[in-house]
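Visitor: Please choose a single part of the model shown here and take me through it slowly, then show me what lies around it. I am in my first year, so I would rather have one connected account than a list.

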Amino acid sequence: MSQPSAPRIGSAPLALALMLAACSSAAPSSGAPTAPESAAPSESAAPSEAADGLVLVAIGDSIPYNASEDCPGCTGFVDSYAEALAAEIGQTVTANNWSRHDGARTIDILEQLESDQALRDELAGADVIVMSVGFNDQPPFADAHDGCPPAVNDAMSLEEVVQAGADTTQACIDGVVPVIRGQIAEVFGHLRELAPDAGIATLGAYDSWRGWPALEGMDAATVETLYAAVTYWFEQWNAAVCEEAEAAGAACIDVYSAFNGADGTEPPGDLVAADHTHPSQAGNDLIRDLLVDAGLTVEPS
């Protein structure tokens, strides 16, 4: 396994959460919980109530979490997809949401799959698995990597964090992507070991830097260089995730193009909530529709 995870703040990438501390405007972060909010899943029904139906398990970062402070009053796509799936197949679908609101990166999800027996038991009984990973792995990086800018930390200003992102070269990203790709391959390996017949869908990550009001007024050339770096990251990362998903017999959901356009340069606009990180109701509904369109083949376990 690769290097251990570094401290994060909130459910957004560390760099974005650092920006929240550096400015007063809404930022791509939802604040720091005092402890990981992942000890137990949120459930639409108890597993025993779904004995004659299907079980959907969501895992990963906070994109599927649907915390009330992230998107007040919203129905998350995990629950709405379960409802749509139930209507399609004519059976009860119980949604158990094990996603995390603690800044989890891919390596954290891997470690959770290796150590959390309750989650492993839940996945072993799943008919459908929806996963979101990768959003918190994006540059500027919270770990030191050869050929990359120094790791960001919570003592850095907004301008310093943005500059670190702008200084992240394609060569740096080309070195980091295989590291994270190795982690996601292990994640898929665990999922297939635990749930060999489940329908699995993994979400690609989207870019919430673009259109973020906190970047307004900063040096335009630096911001454009930052945009170019993160666009390259998302292109390389999402391609790697989809290739690993295909190898595992899983569906790869192209949330990136849906939120940022075909070339990845469009701001997500009203598809993200006021924190400019998590899906808004419109974003949740769009992700639900993408999952429905994926047409997962599921059979009761």
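**A close look at helix 4**

Guide: At the start of helix 4, a side-chain oxygen of Asp116 comes to within 3.1 Å of the backbone nitrogen of Ala118. Please keep in mind, as we go on, that this is a predicted model. Helix 4 itself takes in residues 117-124, and the residues buried in it are Leu119, Arg120, Glu122 and Leu123. These four cover an arc of only 160° around the axis, and therefore they sit on the same side of helix 4.

We can then ask what covers that buried side. The cover of the buried residues includes two further helices, namely helix 3 (106-115) and helix 6 (170-194), and it also includes strand 2 (54-60), strand 3 (93-97) and strand 4 (128-132). Two of these neighbours, strand 2 and strand 3, deserve a look of their own.

Strand 2 is mostly covered, since seven of its seven residues are counted as buried. If you follow its side chains, Leu54, Leu56, Ala58 and Gly60 point one way, while Val55, Val57 and Ile59 point the other way, and all of them are buried. This fits a general pattern, because in a regular strand the side chains alternate between the two faces of the sheet.

Strand 3 can be read in a similar manner. Five of the five residues of strand 3 are buried, so this strand is largely enclosed by the rest of the structure. Both of its faces are covered, with Val93, Ala95 and Asn97 buried on one side and Thr94 and Asn96 buried on the other.

The two strands are also joined to each other: strand 2 and strand 3 run parallel, and five bridges link them. Among the pairs that you can trace, Leu54 has Val93 of strand 3 as its bridge partner, and Val55 has Thr94 of strand 3 as its partner.

From strand 2 we can follow the chain into the loop that leads to helix 2 (77-89), where Ala67 is found. Ala67 counts as buried because its relative accessible area is 5%, under the cut-off of 20%. The C-alpha atom of Ala67 is separated by 9.2 Å from that of His278, although the two residues are 211 apart along the chain.

Another residue to find is His276, which lies in the loop between helix 8 (255-260) and helix 9 (281-294). His276 is likewise buried, with a relative accessible area of 10%, and a polar atom of its side chain lies 3.4 Å from the backbone oxygen of Gly211.

Now we can step back to the protein in full, which has nine helices and six strands. It has 301 residues, of which 57% count as buried, and it exposes about 11600 Å², with carbon and sulfur atoms supplying 50% of that area. Among its contacts between residues at least 6 apart in sequence, 80% join residues that are at least 24 apart.

Finally, a word of care about confidence. The mean pLDDT of the protein is 86, and 81% of its residues reach 70 or more. Over residues 1-14, however, the pLDDT is below 50, although this stretch has 59 contacts in the model beyond near neighbours in sequence. Residues 44-50 also have a pLDDT below 50, and that stretch has 11 such contacts. Where pLDDT is low, the predicted coordinates should not be read in detail.

Conventions:
Residues are numbered from 1 along each chain as its sequence is written. Side-chain values use heavy atoms; hydrogens and water are left out. Buried means under 20% relative accessible area, exposed over 50%, partly exposed in between (1.4 Å probe, protein chains only). Contact means heavy atoms within 4.5 Å. Accessible areas come from the Shrake-Rupley method with a 1.4 Å probe; for residues, only the protein chains shown count as cover. The arc is that of the directions from the helix axis to the C-beta atoms. A polar contact is a pair of N or O atoms within 3.5 Å; within protein, one must be able to donate a hydrogen and the other to accept it, and residues adjacent in sequence count only if both atoms are side-chain atoms. pLDDT is the predictor's confidence in each residue, from 0 to 100. Two strands pair if DSSP finds at least two bridges between them.
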